[in-house]
Protein chains: 2
Amino acid sequence: MEDPVDRRLAAEVARDPRATLSQLSARVGLSSSAVQARLKRLENSGVITGYRAVIDPEAAGKPLSAFIEVTPLDPTQADEVPGLLEHLSAIESCYSIAGEASYMLFVRVAAPRDLETLIQSIRRAVLANTRTTVVLQTFYEHRPMLEAPETD
Amino acid sequence: MEDPVDRRLAAEVARDPRATLSQLSARVGLSSSAVQARLKRLENSGVITGYRAVIDPEAAGKPLSAFIEVTPLDPTQADEVPGLLEHLSAIESCYSIAGEASYMLFVRVAAPRDLETLIQSIRRAVLANTRTTVVLQTFYEHRPMLEAPETD
DNA sequence: ATTGAAATTTTCACGAC
DNA sequence: GTCGTGAAAATTTCAAT
């Protein structure tokens, strides 16, 4: 994505994916059709991988979030961890990391008891040690990756 | 959000926020107007806090991500940390946490050198110790919080 | 990339439950 | 208060340039 118009368009859509083509076309200075074609290109080429509404975790009944570091006891099994955990819907994100632990998970649950249950599920699924860090407060999340364009 | 229709609608919108009212109305079994009214209510009541397009980090020129734990040297300053760091656009999320460190940041940068620069910016802005955990691979991210409705 | 016309969707006022 | 209907306005789509 070297084209500056594509970057601008991606930034606009990242912040406001529900904007109409007309609105986007006004913001990037192209016709609706041109915007439509570029958007489709960005989607098909994998630059835009999806769209999400951001839901308030409390309203969704998941007020408790945490980071869980996972270290498999058997290094042989290490590569399969993400697949083995994928079915646990409380897991929002899964990364492999450099450091003492092998994986970092970000999870959301309803209550402390569900966190315990989740950790047990994880340890059972992958035979691993875990280290959990509970989130006390979320100050900001999901901030857009692309720079905000200047408000001309 | 106790109403099951609202939960269903929120789940649908969370997964596909660009769906038309007509499409949503078909999925939840209400008229477009009813869906429109419920959506507005979900937005105004803070259940839906925003919309995002998910951009491929590599395409956006930010292939390197990391977790940064921040521990202010001066506990007095601790409450102001999120505000003091908010201007750093590389920071995607900021949480206060239970554990040794006070805050957990999730950041995205273009290259190792930018990570170093960012850490310096953070330490200068808040006078804190930092502990950085580099992400080696992202297996999944941003998975929707709300259960997928059954495909009837 | 733009234009313009047809098809679809959104919006909104009104009535029914 | 919530939901459905219908007509006007806005938007999307697509072929032609």
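## B:S25 in helix α2 of chain B

In this predicted model, B:S25 sits in helix α2 of chain B, the stretch covering residues 21–28. Its relative accessibility comes out at 11%, and because the cut-off for buried is under 20%, B:S25 counts as buried. Leaving aside residues up to four places away in sequence, B:S25 touches B:L30, B:S31, B:S32 and B:V35.

## Helix α2 of chain A

Over in chain A, helix α2 also runs over residues 21–28, and its buried residues are A:L24, A:S25 and A:V28. These residues lie on the same side of α2(A), because they cover an arc of only 100° around the axis. What do the buried residues of α2(A) pack against? Their partners are two helices of chain A: α1, residues 4–15, and α3, residues 32–44.

Right after α2(A) comes A:G29, a residue with a positive phi, near 75°.

## Around DNA strand D

Both protein chains show up around DNA strand D. From chain A there are A:T20, A:L21, A:S22, A:S33 and A:Q36, while chain B brings B:L30, B:S31, B:S33, B:A34 and B:R38. Sorted by class, the surface near this strand has six polar residues, three nonpolar and one charged. If you look at the strand D atoms within 4 Å of the protein, 71% are sugar or phosphate atoms, and the rest belong to bases.

Now for some individual polar contacts. A backbone N or O atom of A:L21 is 2.7 Å from a phosphate oxygen of DNA strand D, and a polar backbone atom of A:S22 is 3.0 Å from a phosphate oxygen of that strand. On the base side, B:S33 places a polar side-chain atom 2.8 Å from a base oxygen of DNA strand D. The elements that give two or more residues to this surface are α2 and α3 of chain A, plus α3 of chain B (32–44). Of these, α3(B) has the largest share, with three residues.

## Around DNA strand C

Which residues surround DNA strand C? On the chain A side they are A:L30, A:S31, A:S33, A:A34 and A:R38; on the chain B side, B:T20, B:L21, B:S22, B:S33 and B:Q36. The class tally for the surface near strand C reads three nonpolar, six polar and one charged. For the strand C atoms within 4 Å of the protein, sugar or phosphate accounts for 70%, with bases making up the rest.

Phosphate oxygens of DNA strand C pair up with both chains: one is 2.7 Å from an N or O atom in the side chain of A:R38, and one is 2.7 Å from a polar backbone atom of B:L21. A base contact is there too, with a polar side-chain atom of A:S33 lying 3.0 Å from a base oxygen of the strand. In terms of elements, α3 of chain A and both α2 and α3 of chain B each supply at least two residues of the surface near strand C. The most comes from α3(A), which gives three residues.

## A closer look at A:Q36

A:Q36, one of the residues around DNA strand D, belongs to helix α3 of chain A. Is A:Q36 buried, exposed or partly exposed? Partly exposed: its relative accessible area is 43%, so it falls between the under 20% of buried and the over 50% of exposed.

As for distances along the chain, A:Q36 and A:E147 are 111 residues apart, and their C-alpha atoms are separated by 22 Å.

Technical notes. Residues numbered from 1 in each chain as written. Chains lettered and ligands numbered in written order. Predicted model: local features only at pLDDT ≥ 70, side-chain atom pairs only at ≥ 80, totals over all residues. Heavy atoms only, no water. Buried < 20%, exposed > 50% of the residue type's maximum accessible area, 1.4 Å probe, protein only. Helix = DSSP H or I, 4+ residues; strand = E, 2+ residues; numbered from the N terminus. Arc of directions from axis to C-beta. Contact = heavy atoms within 4.5 Å. Near = heavy atom within 4 Å. Polar contact = N/O pair within 3.5 Å; in protein donor to acceptor, adjacent residues only side chain to side chain. Nonpolar A, V, L, I, M, F, W, Y, C, P; charged D, E, K, R; others polar.
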